Amino acid sequence: MAVTGDETGKNFVLVPNNMSASTGDMPAYQIRTPTTTLPQGVVMAASPGALHSPQQLAEEATRKRELRLMKNREAAKECRRRKKEYVQCLESRVAALEVQNKKLIEELEILKVISSSKAD
């Protein structure tokens with residue numbers, strides 16, 4: 001993915017287009033403006049070199065820490081959701097296999113009865 005800018009200073013992103021090019025040799029691209037995933041209230045700060053006072057540096061460090069903690073909370077929440085989904089899938093699979101196992105045991109018992117009656 002390439003990020004470039006135009007004469008207005010706005011950035012845009014070139015993303016692969018789902019539609020194939022007419023020749024099939026080169027991929028087609030679509031121009032989209034990038035979307036930001038920053039939560040409301042979070043403002044991008046200037047580069048650390050532009051911050052001069054120790055208070056500004058401390059505020060920047062605090063802001064970065066809070067942002068990191070917020071992202072970590074979201075990632076942990078998503079991880080717990082995926083784990084719960086995985087466990088539910090395993091539980092349903094266990095239930096299905098238990099039913100299948102019960103049916104196979106019943107079938108085995110029937111075949112044992114038939115086999116023993118033929119041997120007599």
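## Cysteines and disulfides

A disulfide is a pair of cysteine sulfur atoms within 2.5 Å. In chemical terms, a disulfide is a covalent bond between the sulfur atoms of two cysteines. The structure shown above is a predicted model, and with that definition in hand it can be said to hold 0 disulfides.

Two cysteines can still be described by how far they are open to their surroundings. Cys 79 has a relative accessibility of 41% and therefore counts as partly exposed, while Cys 89, with a relative accessible area of 49%, is also partly exposed. Partly exposed is the class that lies between buried, under 20%, and exposed, over 50%.

## A salt bridge between Arg 63 and Glu 60

Attention now turns to charged side chains, for which the count comes to 4 salt bridges. One of these salt bridges joins Arg 63 to Glu 60, and the closest N and O atoms of this pair are 2.9 Å apart. Since a salt bridge requires a side-chain nitrogen of Lys or Arg within 4 Å of a carboxyl oxygen of Asp or Glu, the distance of 2.9 Å between Arg 63 and Glu 60 meets the rule.

Both residues belong to helix α1, which covers residues 54–119, and because they are 3 residues apart there, they are separated by about one helical turn. How exposed or buried are Arg 63 and Glu 60? With 23% relative accessibility, Arg 63 counts as partly exposed, whereas Glu 60, at 12% relative accessibility, counts as buried.

## Glu 78 and its arginine partners

Further along in the numbering, the side chain of Glu 78 meets that of Arg 81 in a salt bridge, with a distance of 2.5 Å from N to O. These two residues are 3 residues apart in helix α1, so that about one helical turn separates Arg 81 from Glu 78. Arg 81 is partly exposed, having a relative accessible area of 41%, and Glu 78 is likewise partly exposed, with a value of 31%.

Glu 78 also forms a salt bridge with Arg 82, where the closest N and O atoms are 3.9 Å apart. Here the two partners lie 4 residues apart in helix α1, which is about one turn of the helix, and Arg 82 is partly exposed, with a relative accessible area of 46%. Through salt bridges that share partners, Glu 78, Arg 81, Arg 82 and Glu 85 are joined into one network.

Terms used:
Residues numbered from 1 in each chain as written. Predicted model: local features only at pLDDT ≥ 70, side-chain atom pairs only at ≥ 80, totals over all residues. Heavy atoms only, no water. Buried < 20%, exposed > 50% of the residue type's maximum accessible area, 1.4 Å probe, protein only.
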